[in-house]
Amino acid sequence: MLKTHYAPVPESYCDYNGHLNEGYYLVMLSLATDTVLDAAGLDAESRNALNFSAFTVQNNLRYFKEIYKGKRLTAYSRVLSSDKKRLRIWHELRNEEGTETYAAVECLLVGVDMASRKSAVWPAKVETIIRELQASHEQYTWPMGAGNAITQPAQGASV
């Protein structure tokens with residue numbers, strides 16, 4: 001898996017409940033998306049040279065545990081699937097040791113030709129690397145919750 005390491009959570013990221021504000025979970029995990037894109041050959045230099053990027057079109061973020069000021073975290077990321085224009089990735093925000101998962105997000109990205117700003121097929125080199133990453137990540141167990149969407153409890157069910 002690919003890893004993104006973070007500085008300790010600053011107090012400014014915490015809300016009035018004393019824990020990490022929900023928006024900062026996604027901010028941190030979006031940096032993990034950059035780690036995946038860099039590994040796939042779409043780092044800043046390559047994006048400029050290719051005039052190509054990737055845009056996130058959907059996220060499904062799940063929160064499992066509270067995170068407090070000073071906590072050191074690492075994102076563990078993997079490629080779940082891909083096709084000629086799309087990339088589906090999974091991130092887990094874990095403690096520094098990697099033994100506790102605090103949140104997970106499934107992301108769907110599309111390749112974008114920056115000249116037209118429309119979806120486009122991955123450049124050949126990028127597509128090859130994405131497929132290699134995907135193949136190397138198939139050794140891991142399919143993440144629990146991948147492919148799930150928000151569901152409504154049965155009528156009359158209480159929480």
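1. In this predicted model, Glu96 is partly exposed, with a relative accessibility of 43%. The side chain of Glu96 meets that of Arg72 in a salt bridge, with 3.1 Å from N to O. This pair joins distant parts of the chain, since Arg72 sits in the loop between S2 and S3, while Glu96 sits in the loop between strand S4 (86-95) and S5, 24 residues apart. Arg72, for its part, counts as partly exposed at 38% relative accessibility. In general terms, side chains of opposite charge can pair when their charged atoms come close.

2. How many salt bridges does the count come to? The count comes to 6, and the pair of Arg72 and Glu96 is one of those that can be inspected in the model. Another is formed by the side chains of Glu92 and Arg94, where the distance from N to O is 2.8 Å. Glu92 is buried, at 16% relative accessibility, and Arg94 is likewise assigned to the buried class, with a relative accessible area of 14%. Both values can be read against the cut-off, because buried means under 20% relative accessible area.

3. A further salt bridge is found between the side chains of Arg131 and Glu127, again described by its distance from N to O, which is 3.1 Å. Both residues belong to helix H3 (residues 124-137), and because they are 4 residues apart in that helix, about one helical turn separates them. Arg131 is partly exposed, with a relative accessibility of 39%, and Glu127 is also partly exposed, with a relative accessible area of 25%.

4. Arg131 appears again in the surroundings of Ser82, a residue of strand S3 (residues 73-82). Once neighbours within four places in sequence are set aside, Ser82 is in contact with Leu87, Ile130, Arg131 and Gln134. Which side chain makes a polar contact with the side chain of Ser82? The partner is the side chain of Gln134, at 2.7 Å. Is Ser82 buried or exposed? Ser82 counts as buried, because its relative accessibility is 17%.

5. Val79 is also placed in strand S3, and its relative accessibility of 2% puts it among the buried residues. Leaving out neighbours within four places in sequence, the residues in contact with Val79 are Val36, Leu87, Arg88, Ile89, Ile130, Leu133, Gln134 and His137. A reader who has just looked at Ser82 will recognise some of these names, since Leu87, Ile130 and Gln134 are listed for Ser82 and for Val79. Val79 and His91 lie 12 residues apart along the chain, and their C-alpha atoms are separated by 9.1 Å.

6. Two backbone positions deserve a look when the model is checked. Asn51 is a residue other than glycine, yet its phi is positive, near 50°. Asn51 lies in the loop between helix H2 (44-50) and strand S2 (52-63), and it is partly exposed, with a relative accessible area of 39%. Arg117, which is not a glycine either, has a positive phi of about 55°. Arg117 belongs to the loop between strand S5 (101-113) and strand S6 (118-119), and at 54% relative accessibility it counts as exposed.

7. For the chain as a whole, the secondary structure comes to 3 helices and 6 strands, and along the sequence these follow the pattern β-α-α-β-β-β-β-β-α. The C-alpha trace spans about 45 × 40 × 35 Å along its principal axes. Among contacts with a separation of 6 or more, residues 24 or more positions apart account for 69%.

8. Some remarks on burial, surface and charge complete the note. The protein chain has 159 residues, of which 41% count as buried. Its exposed area is about 9300 Å², and carbon and sulfur atoms supply 50% of that area. The chain carries 17 positive and 18 negative charges, and the mean positions of the two sets are 4 Å apart.

Key. Residues numbered from 1 in each chain as written. Predicted model: local features only at pLDDT ≥ 70, side-chain atom pairs only at ≥ 80, totals over all residues. Heavy atoms only, no water. Buried < 20%, exposed > 50% of the residue type's maximum accessible area, 1.4 Å probe, protein only. Polar contact = N/O pair within 3.5 Å; in protein donor to acceptor, adjacent residues only side chain to side chain. Contact = heavy atoms within 4.5 Å. Salt bridge = Lys/Arg side-chain N within 4 Å of Asp/Glu carboxyl O. Areas by Shrake-Rupley, 256 points an atom, 1.4 Å probe, with all protein chains shown as cover. Lys, Arg positive; Asp, Glu negative; His and termini not counted. Charge placed at Lys NZ, Arg CZ, Asp CG, Glu CD.
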